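Here is a short report for a reader meeting this structure for the first time. Look over the sequence and the model, then read on.

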Amino acid sequence: MISTTAFMLISSVLTPIASGLLTTIEYDDTLVKIILLMTFLGAGVGLGLQAPVFAVQTVLPDKDIATGVAITGFTGLLASALFVSVSAVLFQSRLAIEVERYAPGTDRSIFDHGGLVDVREQIGSARLGAVLSGYDEAVIQTLYIPVALASLSVLASVAMERRSVKKTQ
């Protein structure tokens, strides 16, 4: 029988691989490649997403399960909120650096006021390829955060207590 720990370990192996493969995406890649990589990432994350909750329910005494599940959910959401913010800050700073590197002289303030669609209109076709290369590089640099965090999840998965989910009679 497969334990929750096995799902966490499988997820901890697949998720960094899928996250790493996402860093290979370029702005002119096919939609099929992007969908396949995102599906692979979703499968990797999905296999281990609920495992900590199951582990809490298995390890803790009945009276502490609600508290354990609440703490597990809270820390998961707090970490998500924290690293979304970190990623946004990193992306903004890398975007400014990479656009300047790939398309020197481009007004970087146009990224502050609109999305990529608006940028396409303001930049013009002559500089568009260079700016998109900078944008692509900023996205890739930002994707290294989930690769690192997913890789660290292996430590937590290995450290998990292995206990059967079956209740003793």
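## Thr106, a buried loop residue

Thr106 counts as buried, because its relative accessibility is 8% and the cut-off for buried is under 20%. The model is predicted, so this value, like the others here, is computed from a predicted structure. Thr106 sits in the loop between H4 and helix H5 (110-113).

What surrounds Thr106? Its neighbours within four places in sequence aside, Thr106 is in contact with Val99, Glu100, Ile123, Arg127 and Val131. Its side chain also has a polar partner: a polar atom there lies 2.8 Å from the backbone oxygen of Ala103.

## Thr30 and the loop before H2

Another threonine, Thr30, is found in the loop between helix H1 (4-22) and helix H2 (31-48). Is Thr30 buried or exposed? Neither label fits: Thr30 counts as partly exposed, because its relative accessibility is 48% and partly exposed lies between the 20% and 50% cut-offs. The Thr30 side chain reaches the backbone nitrogen of Lys33, at 3.3 Å.

Lys33 has a charged partner as well. Its side chain meets that of Asp29 in a salt bridge, 3.1 Å from N to O. Both residues are partly exposed: Asp29 has a relative accessible area of 23%, and Lys33 has a relative accessibility of 29%. Lys33 thus takes part in two contacts described here, one through its backbone nitrogen with Thr30 and one through its side chain with Asp29.

## Salt bridges

How many salt bridges does a search of the whole structure find? It finds 4. Side chains of opposite charge can pair when their charged atoms come close. Besides the pair of Asp29 and Lys33, one of them joins the side chains of Asp64 and Lys63, at 3.6 Å from N to O. The two partners fall into separate classes. Asp64 counts as partly exposed, at 28% relative accessibility. Lys63 counts as exposed, at 69%.

Glu98 forms a salt bridge with Arg94, and here the closest N and O atoms are 2.3 Å apart. Both residues lie in helix H4, 4 residues apart, about one turn of the helix. An α-helix has 3.6 residues a turn, so residues three or four places apart point the same way. Glu98 counts as buried, because its relative accessibility is 1%. Arg94 counts as partly exposed, at 22%. Salt bridges with shared partners join Arg94, Glu98 and Arg101 into one network.

## A nonpolar patch on the surface

Which residues make the nonpolar surface patch? They are Leu82, Phe83, Val86, Leu149, Leu152 and Leu155, and the patch covers about 520 Å². Helix H4 (65-102) and helix H7 (125-159) each supply at least two of its residues.

Leu82 is one of the patch residues, and it lies in helix H4. Leu82 is partly exposed, with a relative accessible area of 47%. That value lets Leu82 belong to a patch, because patch residues need over 30% relative accessible area.

## Helix H3 under cover

Helix H3 spans residues 51-59. Its buried residues are Ala51, Val53, Ala55, Val56 and Thr58. What covers them? The cover includes H1, H2 and H4.

## The whole chain

The secondary structure comes to 7 helices and 0 strands. Read along the sequence, the pattern is α-α-α-α-α-α-α.

The C-alpha trace spans about 75 × 30 × 25 Å along its principal axes. The chain has a radius of gyration of 21 Å, whereas a compact globule of 169 residues would have one near 15 Å.

How much of the chain is buried? Of the 169 residues, 28% count as buried. The accessible surface comes to about 10,500 Å², and 68% of this belongs to carbon and sulfur atoms. Among contacts between residues at least 6 apart in sequence, 66% join residues at least 24 apart.

Conventions:
Residues numbered from 1 in each chain as written. Predicted model: local features only at pLDDT ≥ 70, side-chain atom pairs only at ≥ 80, totals over all residues. Heavy atoms only, no water. Patch = residues over 30% accessible without salt bridge, like charges linked within 9 Å, V, L, I, M, F, W, Y side chains within 5 Å. Areas by Shrake-Rupley, 256 points an atom, 1.4 Å probe, with all protein chains shown as cover. Buried < 20%, exposed > 50% of the residue type's maximum accessible area, 1.4 Å probe, protein only. Polar contact = N/O pair within 3.5 Å; in protein donor to acceptor, adjacent residues only side chain to side chain. Contact = heavy atoms within 4.5 Å. Rg over C-alpha atoms; globule rule 2.2 N^0.38 Å.
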